[in-house]
Amino acid sequence: MSVAFTRENDLEATAADLPDRPISPHPNLVTARGLAAIDTALAEARAAYGAAQTEGDVQADRTAMARATRDLRYYSARRATAQLVEPPEAPETVQFGVTVTLLREDDRRQTFRIVGEDEADPAQGSVSYVSPLAAALMGKGVGDVALVAGREVEIEKIA
């Protein structure tokens, strides 16, 4: 047996032992859109797991099986703990599921929707309810000022 062959097997074995995806200790609050995304990801994980099982020699591609198994465990856990929270129709304060528009000290306006952790994507205008930004705004109303990253922001609109 050559040393190169042994190292290749060792790398494959290491890749197959993927650590679990971390699961947040916070409640798994989700919007309807977030719940649908978890359902889609869970279906995709189940399909990937099934494909990894049926593609013959699982030992030949242990990495694909490990990845599919890890994702299936993660999305199964996230789906099992998901707590659907419907946003209020006419919110008066910042809370989960609402969209808030901020006026920054430099007169920039930014709008964010406060969502669950798996759904958050700041580049697309959504932040997790456990983020420092959301935490600073929770419970405040239009006209209130909050300190975010050491700077003041004014809540201009809540929808």
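**Exercise 1. Locate Ala149 and describe its backbone and exposure.**

Step 1. Ala149 sits in the loop that links E6 and E7. The model is a predicted one.

Step 2. Look at the backbone. Phi of Ala149 is positive, near 55 degrees, and the residue is not a glycine.

Step 3. Look at the hairpin. E6 and E7 form a hairpin with two residues between the strands, and Ala149 takes its positive phi there.

Step 4. Check the exposure. The relative accessible area of Ala149 is 80%. The cut-off for exposed is over 50%, so Ala149 is exposed.

**Exercise 2. Find the loop that holds Asp107, then classify its phi and its accessibility.**

Step 1. Asp107 belongs to the loop between strand E3 (99–104) and strand E4 (109–115).

Step 2. Its phi is positive, about 70 degrees, although Asp107 is not a glycine.

Step 3. Relative accessibility of Asp107 is 58%, so the residue counts as exposed.

**Exercise 3. Work out the strand order of the five-stranded sheet and name its edges.**

Step 1. Write the order. The open sheet runs E5-E4-E3-E7-E6, with mixed pairing.

Step 2. Read off the ends. Strand E5 (126–128) and strand E6 (145–148) each have a single partner strand, so one side of each lacks a neighbour in the sheet.

Step 3. Add the twist. Ignoring direction, neighbouring strands here are turned by 45 degrees against each other on average.

Step 4. Recall the bonding. Strands in a sheet pair through backbone hydrogen bonds, in a parallel or an antiparallel sense.

Step 5. Take E6 with E7 (residues 151–158). The two pair antiparallel over four bridges. Within this pairing, Val145 has Glu154 in E7 as its bridge partner.

Step 6. Take E3 with E7. These strands also run antiparallel, joined by five bridges. Thr101 stands opposite Lys157 in E7.

**Exercise 4. Classify the aromatic pairs by ring geometry.**

Step 1. Count. The structure holds two aromatic pairs.

Step 2. Take Tyr74 and Tyr75. Their ring centres are 5.0 Å apart, with 85 degrees between the planes. The cut-off for edge-to-face is over 60 degrees, and this pair is edge-to-face.

Step 3. Check burial. Tyr74 has a relative accessible area of 7% and is buried. Tyr75, at 17%, counts as buried too.

Step 4. Take Phe96 and Tyr129. The centres lie 5.7 Å apart and the planes meet at 80 degrees, so this pair is edge-to-face.

Step 5. Place these two rings. Phe96 lies in the loop between strand E2 (83–84) and E3, and Tyr129 in the loop between E5 and helix H4 (132–137), so the pair ties together parts 33 residues apart in sequence. Both Phe96 and Tyr129 are buried.

Step 6. Look for a charge. The charged end of Arg21 sits over the Tyr74 ring, 4.2 Å from its centre.

**Exercise 5. Describe the surroundings of Leu35 in its helix.**

Step 1. Leu35 is part of helix H2 (residues 32–54).

Step 2. Its relative accessible area is 16%. The cut-off for buried is under 20%, so Leu35 is buried.

Step 3. List the contacts. Leaving aside residues up to four places away in sequence, Leu35 touches Val30, Arg79 and Ala82.

Step 4. Compare sequence with space for one of these. Leu35 and Arg79 are 44 residues apart along the chain, yet their C-alpha atoms are separated by 7.7 Å.

**Exercise 6. Dissect the largest nonpolar core and identify its best-connected residues.**

Step 1. Start from the tendency. In soluble globular proteins, nonpolar side chains tend to be buried together.

Step 2. Size the core and pick its hubs. The largest core has 19 residues; Val94, Val100, Leu102, Ile114, Leu133, Leu137 and Ile155 touch the most other members.

Step 3. Assign elements. E3, E4, H4, E6 and E7 each give two or more residues to this core. H4 gives the most, with four residues.

Step 4. Inspect one hub. Leaving out residues up to four places away in sequence, the contacts of Leu102 include Leu133, Leu137, Val153 and Ile155. Arg108, Arg109 and Glu154 are also among the contacts of Leu102.

Step 5. Look for another core. A second, separate core has six residues, including Ala41, Leu42, Leu72 and Tyr75.

Notes:
Residues numbered from 1 in each chain as written. Heavy atoms only, no water. Pairing = 2+ DSSP bridges. Axes fitted to C-alpha atoms, helices over the stretch in contact; angles between N-to-C directions. Buried < 20%, exposed > 50% of the residue type's maximum accessible area, 1.4 Å probe, protein only. Contact = heavy atoms within 4.5 Å. Phe/Tyr/Trp six-rings, centres within 6.5 Å; stacked < 30°, edge-to-face > 60°. Lys NZ or Arg CZ within 6 Å of the ring centre and 35° of its normal. Core = buried A, V, L, I, M, F, W, Y, C linked by side-chain atoms within 4.5 Å.
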